[in-house]
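User: I'd like to learn how to read a structure like this one, step by step. Could you walk me through it?

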Amino acid sequence: MSTLLTLALLLVGIAASGWVLRFAGQKATGNAPTFRDMPFAVAFGYVLGACLLLFSVWYFFQPTVTEAGVPNAGVVFFRWAVQFFIIATIAAYLFRVLGRSVGTAWSKKLFRQMPLTASFGVLVVILYAFTAIFAGWLAPHGQEEIFTRVNVLPGGNAATGGDPLHPLGTDQIGRDLLSRLIYGAQNTVGIAFVTACLAFFLGGSLGFLAATLQGWLDQVLSRAVDVLMAIPSLIFALLLMTIASAWAGSERWLLTVYMIIIIAVIDSTRVFRLARAVGLNIVVMDYIEAAKLRGEGLSYLIFKEILPNATAPLLAEFGLRFCFVFLTIASLSFLGVGIQPPLADWGTMVRDSAQFINFAAFSPLTAALPLLAAGAIALLTVGVNFVVDWMLHRSSGLKE
Amino acid sequence: MQSVIRIILQRLALGLLTLFVVSIVIFTAVNMLPGDFAEAILGQGATPEAVASIRRDLGLDQPPITRYFQWLGGALQGDLGNSFAQANFASFAGADTGVSTTVAQQIAPRFENTMFLAAVTAFIAVPVSLTLGILAALFRNSVFDRATNVTTLTSISSPEFFLAYVLILFLAVLNPVLPSLSNIFDGMSFGERLEKTLLPALTLTLVVTAHMMRMTRAAIINLLASPYIEMARLKGMSPMRVIVKHALPNALAPIINVIALNLAYLITGVVVVEVVFVYPGIGQLFVDSVKIRDIPVVQACCLIFAAAYILLNLLADILSILSNPRLRHPK
């Protein structure tokens, strides 16, 4: 109860100082428009923001170890978060500066208009692609390699139960976690990318086909998609995975293939909707009519006339679709029915190491492990979403 | 008024039809399993006689269409069949252990728990996201707007379990305010139950709020370009009053729509969150049954999820028609 009381008092205090700030500003500047027209809520917001900022700075410089020698885990995590945020901002800024000075005129112009969030997103996507492609060279060990020391703690410090050979430690059967984290990029991102491409190929071509031919094919496909979309996608995926796991039997890799197909089909329904809607708008154009009169075939119409004119919305949709597929696969793996061992994958890593989070008060580094794997998933989707958000903003012409 | 009732009835019929087709899809999908239920129950050491007898008992020797209508008829009367796992357990432990073997008995208490979780989430998320959305629209392009924009985009795109573990880390492990495990049982007081539900509900709130808040902001900003808003501003109304009195009532249709759609989204999100917090809801039962291939339970859960999803989408549809007269007279 006393916590609530303190919070209430704090809010009243902030409200009072907000009023004082506005009043003092009005007096000091001789009723300048900034202060004269300032609503009370804005003054309140300024003071609240300043208080939060002060508190953050104060908390950041608290000692990481208490006097009793126990790590002050809250401060440790807060410092990591703030440091990550600062480094990410600086990296995004430098990346944007680099993009503005190097490259063709087109790419320079692109980077000039880019907000910081979007350049951060592009940087993240490039880094992930690099890690995924060169995982074999980057990882210190193989993803299935089993070492004799199991449950090595992260940190690489022998005095605290670590091992310099394994900077992030090993898991319960002795596999190097850093290597598995790096290979996870290859497996999780790679599989999600393949699935998204498949979903796009399937949904896109069927959608354009329905838009071009119309008639009964359009009706059949559209109604089928309506039905498939009436079942929540994760639920449907789980249902089909039950069946797939019975089909695959003991062939673990087959289950992964089934998963790719299942998720691609489920997600292609969303792509179909968009492709059909975009296609319908293009089909009524005069140049399509002209191409038809020239006697062009169906494939020419779809790939040479419709597709080039539908790239912009489809590209943004691809980014979003990739995020959905990636999150669905991660969720399935987290629930234990997605990507199967021995392949390293982030969703499974989170599930396997989740209980470490309870040791956060004693060893923040150990508890960071599940957060690191889950954060790796989150970082990529956040990055892609930042880029897509900017693309949509640009293409919608919203300048406000 | 007549036309409104007609449109609503049309939508209802369409929803029922969709549900019917969805039930066919679920039934067909389950029937694509290799082997059949009888072999699945008996396991590897099944003799042909035993398989045949179980097939007869369960009615598996009937053609699929008969079985489908039997299943559907049962489901409509609340009889969803028997759970394999529980039936096995009951036969192992002796006939009268009091273990619930029917799917309906298993699902009923969990369904209630899930509804409770969804209700608590909606109770927190709807007011918070509406307030944030209105504030962001009011102070658009300010630092506040940018910050909420980036934060909500981050929380939309993170996987549910990431948000769940971050919340556990800060609210359960480092500052033990809330329990990280939601072991809910019968006879718990409302306060206790709320306390155990709060952390999963907060996780879901984070996921859902982001979307609702962004849509609220977009809906209101769209309206701010209208002439009557200009008029209200010119006659000297305060920005807050302009938004609450003029923009909000007109933005209600898209906002109600988004709330209903997000409640529908909750249904999917609930699965992962329930597993993280070991919350005894329907989502956890579903995942457990998927793992051990307890087909009747999987089938039933799937049907319930799909029904709730369709119902909420239908509700969104009808509410938006009711709140926007223009939609009542389609061209």
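User: Into which domains is chain B divided?

Analyst: Happy to help, and keep in mind that this is a predicted model. A domain assignment cuts chain B into domain 1 (15-92) and domain 2 (107-328). Where the two meet, 17 residues of domain 1 and 15 residues of domain 2 of chain B take part in the contact.

User: Which elements of domain 1 of chain B give two or more residues to the side that touches domain 2?

Analyst: They are H1, helix H2 (37-42) and helix H5 (84-93) of chain B. H1(B) gives the largest share, seven residues. By class, this side of domain 1 has 11 nonpolar, six polar and no charged residues.

User: Let's look at H1(B), then. How do I read a helix's length, and which of its residues are buried?

Analyst: For length, set the span beside the expected one. Helix H1 of chain B (residues 2-31) has 30 residues and reaches 44 Å from first C-alpha to last, close to the 44 Å expected at 1.5 Å a residue. For burial, here is the general idea: an α-helix has 3.6 residues a turn, so residues three or four places apart point the same way. In H1(B), the buried residues are B:Thr18, B:Val22, B:Ser23 and B:Ile26.

User: What do the buried residues of H1(B) pack against?

Analyst: Their partners come from both chains: helix H9 (215-229) and H10 of chain A, together with helix H4 (64-76) and helix H13 (295-323) of chain B.

User: How many residues does each chain bring to the contact between A and B?

Analyst: Chain A brings 46 residues and chain B brings 40. On the chain A side, the elements giving two or more residues are helix H4 (73-101), helix H10 (233-248), helix H14 (311-335) and helix H16 (364-395). H16(A) provides the largest share, 12 residues. To read the chemistry, sort that side by class: 34 nonpolar, 11 polar and one charged.

User: Is A:Leu254 buried or partly exposed?

Analyst: Count its neighbours: A:Leu254 is partly exposed because it has 15 C-beta neighbours inside 10 Å, where 20 or more would make a residue buried. A:Leu254 sits in helix H11 (residues 252-283) of chain A. Its C-alpha lies 8.8 Å from that of A:Ala244, 10 residues apart along the chain.

User: And how many helices and strands does chain B have?

Analyst: Chain B has 13 helices and zero strands. Of its 331 residues, 37% are buried. For contacts in chain B with a separation of 6 or more, 69% join residues 24 or more positions apart.

Conventions. Residues are numbered from 1 along each chain as its sequence is written. Chains are lettered from A and ligands numbered from 1 in the order in which they are written. This is a predicted model: local features need pLDDT of at least 70, side-chain atom pairs count only at pLDDT 80 or more; totals for chains, interfaces and linings use all residues. Two residues are in contact if their C-beta atoms, placed from the backbone, lie within 7 Å. Helices (H or I, at least four residues) and strands (E, at least two) are DSSP runs, numbered from the N terminus. Ala, Val, Leu, Ile, Met, Phe, Trp, Tyr, Cys and Pro count as nonpolar, Asp, Glu, Lys and Arg as charged, and the others, Gly among them, as polar. A residue is buried if 20 or more other C-beta atoms lie within 10 Å of its own, exposed if 12 or fewer, and partly exposed in between; C-beta atoms are placed from the backbone. The expected span of a helix is 1.5 Å times one less than its number of residues. Domain bounds come from an automatic or database domain assignment.
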